[in-house]
Amino acid sequence: MDTLTEQTLLKKGAEASIYLANWNERKVIVKIRIPKRYRPPALDDRIRSYRTVHEPQLMHEAKAAGVTTPLIYMVNVNEAAITMQYIEGQQVKQLLNNSSAEKRKEVCFQIGNLIAKLHNHGLIHGDLTTSNMIQTPEGKIVFVDFGLGEKNSELEAQGVDLHLMKRALQSTHYRFWEECFKDVLSGYQCVVGAETTEKVYEKIREIERRGRYVEERKQ
Ligand SMILES: Nc1ncnc2c1ncn2[C@@H]1O[C@H](COP(=O)(O)OP(=O)(O)O)[C@@H](O)[C@H]1O
Ligand SMILES: [Mg+2]
């Protein structure tokens, strides 16, 4: 009864393989972290085990922060496999590219809101890209992929998190990334207030200045 059936590979990523499967008459996602040959085997085992345990924990914490994440059904540390609820919907990446300016504004505002809820709760997502967000048919945004996340309440970590979001928008949605990021920050501000948002924004600028400095030194 507890077996996974009809497994189909949805995505073979750099870090994990994502399968769509059936488990107890539910549609589930099985995320299996694949061994990395370039890492010494013992270290590789540790990293994969750690992330396999850590990701569901952070997803659980995110729920407490008011951010919807997939339900976790099973965690198999030996196989570095997580079985979780399949979230029906559309990747925000696709959604932003195929919708009106008005719709984009609404979605980005909502995303900013959710990031602020995580940060307010001392959580860092660690990989804020529009591929890691799914909009359900009811219009709710669900965050996935907490494998690189952490518990951290520092401004620096929050700045890095939002800087990553900015970079992801620039590279994936270059035609309208500016308005998108502005709306993300408006949504963020709505939860944490103007003062905190200004501090995080200044942090992002500092991170960018550091980046430019490193680039100049390389030349
Ligand atoms: N629970 C889920 N329900 C629906 N789609 C999912 C779910 N988890 C992941 N996905 C999809 O699979 C993609 C890859 O999963 P992700 O956890 O981000 O792995 P990776 O570390 O390879 O990026 C995501 O971008 C998302 O589109
Ligand atoms: Mg991902």
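This is a guided tour of a predicted model, taken selection by selection.

Begin by colouring the two domains separately, since the protein chain is divided into domain 1, residues 4–85, and domain 2, residues 90–218. With both in view, note that their C-alpha centres lie 23 Å apart, and that the contact takes 14 residues from domain 1 and 13 residues from domain 2. If you then select the side of domain 1 that touches domain 2, you will find seven nonpolar, three polar and four charged residues.

Next, select ligand 1 together with the 20 residues around it, of which Gly-13, Ile-29, Pro-70, Ile-87 and Asp-145 come nearest. Strand S1 (4–12), strand S2 (16–23), strand S3 (26–33) and strand S5 (81–85) are the elements that give two or more residues to this shell. Coloured by class, the shell shows 10 nonpolar, six polar and four charged residues. Why does ligand 1 lie between the domains? Domain 1 and domain 2 both give residues to the shell, so ligand 1 lies between them.

Leave the ligand now and display the largest nonpolar core, which has 33 residues; the members with the most contacts inside it are Ala-62, Ile-111, Ile-115, Phe-143, Met-165 and Val-184. Helix H3 supplies the largest share of this core, seven residues, while domain 1 and domain 2 each contribute at least three residues to it.

Phe-143 is a useful place to pause within this core: leaving aside residues up to four places away in sequence, Phe-143 touches Ala-62, Val-67, Thr-69, Leu-114, His-125, Asn-132 and Met-133. Apart from the largest core lies another core, of seven residues, and selecting Tyr-19, Trp-23, Val-28 and Ile-82 will show you some of its members.

For the last stop, select helix H4, residues 155–172, whose 18 residues reach 26 Å from the first C-alpha to the last, close to the 26 Å expected at 1.5 Å a residue. Which residues of H4 are buried? They are Gln-158, Gly-159, Asp-161, Leu-162, Met-165, Ala-168 and Leu-169, and Met-165 is also one of the residues with the most contacts inside the largest core. To see what surrounds the buried residues of H4, add helix H3 (101–120), strand S7 (123–124), helix H5 (177–192) and helix H6 (194–218), against which those residues pack.

How values were computed: Residues numbered from 1 in each chain as written. Chains lettered and ligands numbered in written order. Predicted model: local features only at pLDDT ≥ 70, side-chain atom pairs only at ≥ 80, totals over all residues. Near = placed C-beta within 6 Å. Helix = DSSP H or I, 4+ residues; strand = E, 2+ residues; numbered from the N terminus. Nonpolar A, V, L, I, M, F, W, Y, C, P; charged D, E, K, R; others polar. Domains from an automatic or database assignment. Expected span 1.5 Å × (residues − 1). Buried ≥ 20, exposed ≤ 12 C-beta atoms within 10 Å, placed from the backbone. Contact = placed C-beta atoms within 7 Å. Core = buried A, V, L, I, M, F, W, Y, C linked by C-beta atoms within 7 Å.
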